[in-house]
Amino acid sequence: MKSPPFEYKRAEGAEEAAALLNELGSDARILAGGQSLLPLMNLRLASPAFLVDISRAGDLKFLHIDNGSSGASPLHVGAAATQRDVEMSAHTLRVAPILAEAIANAGQVPVRHRGTVVGSIAHADPSAEVPAAFLAQGGSVIAQSLGGRRVIPSEDFFDGVFSTVLEEVELVASVRVDEWPEGSGHGFRELSVTAESWPVAIAAALIHITDGEVDRASVVLGGVGSTPLWRPEAEAILMGSDAGAEAIEAAAEAAAAGLEPPSDTFGSGAYRKKMARVLTRRALADAAERAGAAERAGGKQ
Amino acid sequence: MNTSSHEISLTVNGRAVEATVESRLSLADFLRRELGLVGTHLGCEQGACGACTVLVDGRSVRSCIMLAVQADECELRTVESLAPGLAMHPLQDAFHKHQALQCGFCTPGMLLRCLELIEENPDITDEEAREGISSNSCRCTGYQYIVDAVVEAAEQMRQ
């Protein structure tokens, strides 16, 4: 099908986009890569009256490593940076390899040529790869409105299926992905029926090991709830452990405990819950191996 | 109903094009209806099948989920650019030789995606070709003949 009619506006910068959102109200949507929004419009599942295109906004097309004042150097991704550019960037591989791995699992290369990392996070599909990886590594969302900018921690951003705490008059200008210290490792696992279909379940995990002991851990599940789910119970089990098979199995069990995933044609709720446990175990094993290797080498992953 | 129209100027297959397009017109429909370049096929119209793949500034994209107005100032290549005269492009020759098409519906998009793969990676292997074309659906060939054609075309194009 074809999209219903709408009025198209091109914003040359973040402030112009915010001014347009302010002026046009709730009938306006931000268009970046359009790889989720335009299919929804072609299917007539969405019919905004206005699209505000930020894909050419000069001040939103960037990807770099910030020099943080506290010594940490987060990866900073502008709202017009495409998934493919972020996926292939040496900056991403250095600071957030889990994000590169998540993107590689998301959509197809031609879709990633236009789709954006920030767009995927703002779209907040609970079974999407990029939000899960972003939440697992942690960071912040920089929201732009006419009045200025505010910073939203990643753990506060998602609040429901396709829903975030963003106000109607705000757009996401960029996201920062925190840097983890040396000795960290990540794991990203997903199960999908075919390489091209939506994930049944996703596990994204990071751990940091000092002197053979886990002193920081993060476990996030996708596709099993209304948002990407942060699993502090699993992290608590890993803390202080050696990240061995036993600790990982216990953490995976804790990660899946209490889940009530939805059922659909790709998998029942019970199957998703079981796979959440399996994928968490595998993601943590990858993370432990990489963290251990990083620690032994005295460098990063 | 809100709508808007926009002046765009772009290059299509080396030719400068200026047009006025309605906001909701997809790039695929612009190519087919306004420019008559009907080699670009429309399958699913939701970005899944890849039949509408064209190259925008050298990169493969789904033209069904890109707006024509977004192609303003871009350089486009469609399947019509592959063989401007009577002689086929080496990739088309290889598709012909290996029977890498039957009904032909996916072929235009498949050819452009394969061209991009070969240009990025002139020594492409079977495995890389198989992974690379996973972006495009073909319901006839079972893909193996396409993989064979891509690898042979890459060999031809290296020479």
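This passage looks at a helix and the cysteines of chain B, and then at a sheet in chain A. The structure is a predicted model.

We can begin with helix 3 of chain B, which covers residues 107-120. At 1.5 Å a residue, its 14 residues should span 20 Å, and the end C-alpha atoms are indeed 20 Å apart, so expectation and model agree. The helix is mostly covered, with twelve of its 14 residues buried. Among the buried residues are Thr107(B), Pro108(B) and Gly109(B), as well as Arg113(B), Cys114(B) and Glu116(B).

Cysteines invite a look at disulfides, and a search of the whole structure finds zero of them over all chains. For Cys74(B), the closest cysteine sulfur belongs to Cys52(B) and lies 15 Å away, which is too far for a bond. Cys74(B) counts as buried because its relative accessibility is 9%, under the 20% cut-off. Cys138(B) is likewise in no disulfide. Its nearest cysteine sulfur, that of Cys106(B), is 3.8 Å away, whereas a disulfide requires the sulfur atoms to be within 2.5 Å. Cys138(B) is buried too, with a relative accessible area of 6%.

Turning to chain A, five strands form an open sheet in the order 4-5-10-6-7, with antiparallel pairing. Its edges are strand 4 (63-65) and strand 7 (148-153), each of which pairs on one side only. From one strand to the next, the twist averages 20°. Within this chain, strand 5 (residues 75-78) and strand 10 (residues 171-177) run antiparallel and are joined by four bridges. Here Leu75(A) stands opposite Val177(A) of strand 10.

Definitions and conventions:
Residues numbered from 1 in each chain as written. Chains lettered and ligands numbered in written order. Predicted model: local features only at pLDDT ≥ 70, side-chain atom pairs only at ≥ 80, totals over all residues. Heavy atoms only, no water. Helix = DSSP H or I, 4+ residues; strand = E, 2+ residues; numbered from the N terminus. Expected span 1.5 Å × (residues − 1). Buried < 20%, exposed > 50% of the residue type's maximum accessible area, 1.4 Å probe, protein only. Pairing = 2+ DSSP bridges. Axes fitted to C-alpha atoms, helices over the stretch in contact; angles between N-to-C directions.
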